[in-house]
Amino acid sequence: MTWNGSTPSVTDRIFGAVPYLLPLMDVLIAGYEKPLLHQFPILEVALVPLMPFLQVYSQLLFNIPFAGMILFFVLYMAVVRNENLSRFVRFNVMQALLLDIILILCNLILPILA
């Protein structure tokens, strides 16, 4: 697979995948995974390594006001707007931020509809 004529390095792939932990943590905190885990309980094994990150992230959100918004703007300003970083990494960070925005909107709209 090429990305603008070049293959992304292993470090670019790792740094491109890490930002997707942000929307994943939001999904786990909101409880959107429960129907899937109810149907396929074996998938809980895949979530076990994420539990320390989930505890730290949930404590961060609980203890620091607007921590989610601060993290969003830090990622946007430090990564997405940084032209010195790989375009592959910046693209994946922006995609993760857009997923996070969709999850925030779902968290706002679903309680109204329920």
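User: How much area does the chain expose, and what share do carbon and sulfur atoms supply?

Analyst: The chain exposes about 8200 Å², and 73% of that area is supplied by carbon and sulfur atoms. Accessible areas come from the Shrake-Rupley method with a 1.4 Å probe, and for residues only the protein chains shown count as cover. This is a predicted model, in which local features need pLDDT of at least 70 and side-chain atom pairs count only at pLDDT 80 or more, while totals for chains, interfaces and linings use all residues. Residues are numbered from 1 along each chain as its sequence is written, and side-chain values use heavy atoms, leaving out hydrogens and water.

User: What makes up the secondary structure of the chain?

Analyst: The chain has 7 helices and 0 strands, which gives the pattern α-α-α-α-α-α-α along the sequence. Helices (H or I, at least four residues) and strands (E, at least two) are DSSP runs, numbered from the N terminus.

User: Why is Tyr57 called buried or exposed?

Analyst: Buried means under 20% relative accessible area, exposed over 50%, and partly exposed in between (1.4 Å probe, protein chains only). Tyr57 has a relative accessible area of 10%, so Tyr57 is buried. Its place is in helix α5 (residues 51-63). Of the 114 residues of the chain, 26% count as buried.

User: What joins the side chains of Tyr57 and Asp26?

Analyst: A polar contact of 3.0 Å joins them. A polar contact is a pair of N or O atoms within 3.5 Å; within protein, one must be able to donate a hydrogen and the other to accept it, and residues adjacent in sequence count only if both atoms are side-chain atoms. Leaving aside residues up to four places away in sequence, Tyr57 also touches Leu22, Met25, Ile29 and Leu71; contact means heavy atoms within 4.5 Å.

User: Which residues touch the most other members of the largest nonpolar core?

Analyst: They are Leu22, Met25, Leu47, Leu75, Val79, Val93 and Leu97, in a core of 15 residues. The elements giving two or more residues to this core are α2, α5, α6 (67-80) and α7 (87-113), and the largest share, 4 residues, comes from α6. A nonpolar core is a set of buried Ala, Val, Leu, Ile, Met, Phe, Trp, Tyr and Cys residues joined through side-chain atoms within 4.5 Å.

User: What makes the pairing of Glu83 with Arg90 a salt bridge?

Analyst: The closest N and O atoms of Glu83 and Arg90 are 3.7 Å apart. A salt bridge is a side-chain nitrogen of Lys or Arg within 4 Å of a carboxyl oxygen of Asp or Glu, so the pair qualifies. A search of the whole structure finds 1 salt bridge. Glu83 is exposed because its relative accessible area is 61%, whereas Arg90, at 16%, is buried.

User: What is the phi of Phe66, and where is Phe66 found?

Analyst: Phe66 has a positive phi of about 60° although it is not a glycine. Most residues other than glycine have a negative phi. Phe66 is found in the loop between α5 and α6, and its relative accessibility is 62%, so Phe66 counts as exposed.
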